[in-house]
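Hi,

Here is the structure I promised to pass on. My notes on it follow below.

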Amino acid sequence: MAFEISQEKMESAMMFLAQTDIPAAQAKGKVKALDQYGRTVKAFGFLEATGTVAEREAKSYASDKWKQHVDNVEQAVIDAETLDNQRASAMGVRDVWRTLQANRRQV
């Protein structure tokens, strides 16, 4: 069974890679920023709560703001990983195309 990748498919993969360099970096940056922001959300929840330190911490994690933050982090990770997986697939297309081209030159 011969495996072929057309010139058009390879060019499409290369174009996708070129067009997603910045969005991929932004998606990863958003995940890291949200991780840092989580400390702020927790701190505000802690300051707004009353009770012992343990109770205040528990209340900060049970707050609506914390739940929204967790949802935001989850979506940011999904977006970043999806884009990363799409880019890995495009790189695979490029690599297979290169291998096929090299094999053709050897024949």
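First, a bit of vocabulary: buried means under 20% relative accessible area, exposed means over 50%, and partly exposed is in between (1.4 Å probe, protein chains only). This is a predicted model, so local features need pLDDT of at least 70 and side-chain atom pairs count only at pLDDT 80 or more, while totals for chains, interfaces and linings use all residues. Residues are numbered from 1 along each chain as its sequence is written, and side-chain values use heavy atoms, leaving out hydrogens and water.

Now the aromatics. Tyrosine 61 is partly exposed, at 38% relative accessibility, whereas tryptophan 66 is buried at 17%. A search of the whole structure turns up one aromatic pair (Phe, Tyr or Trp rings, the six-membered one for Trp, with centres within 6.5 Å; planes under 30 degrees apart are stacked, over 60 edge-to-face, the rest tilted). The ring centres of tyrosine 61 and tryptophan 66 are 4.9 Å apart with planes at 80 degrees, so they pair edge-to-face.

Next, the core. The largest nonpolar core (buried Ala, Val, Leu, Ile, Met, Phe, Trp, Tyr and Cys joined through side-chain atoms within 4.5 Å) has seven residues: Ile5, Met10, Ala13, Leu17, Ala90, Val93 and Trp97. Two or more of them come from each of α1 (7-19) and α4 (64-106); helices are DSSP runs of H or I, at least four residues, numbered from the N terminus. Leaving aside residues up to four places away in sequence, alanine 90 touches (heavy atoms within 4.5 Å) Ala13, Phe16 and Leu17.

Cheers
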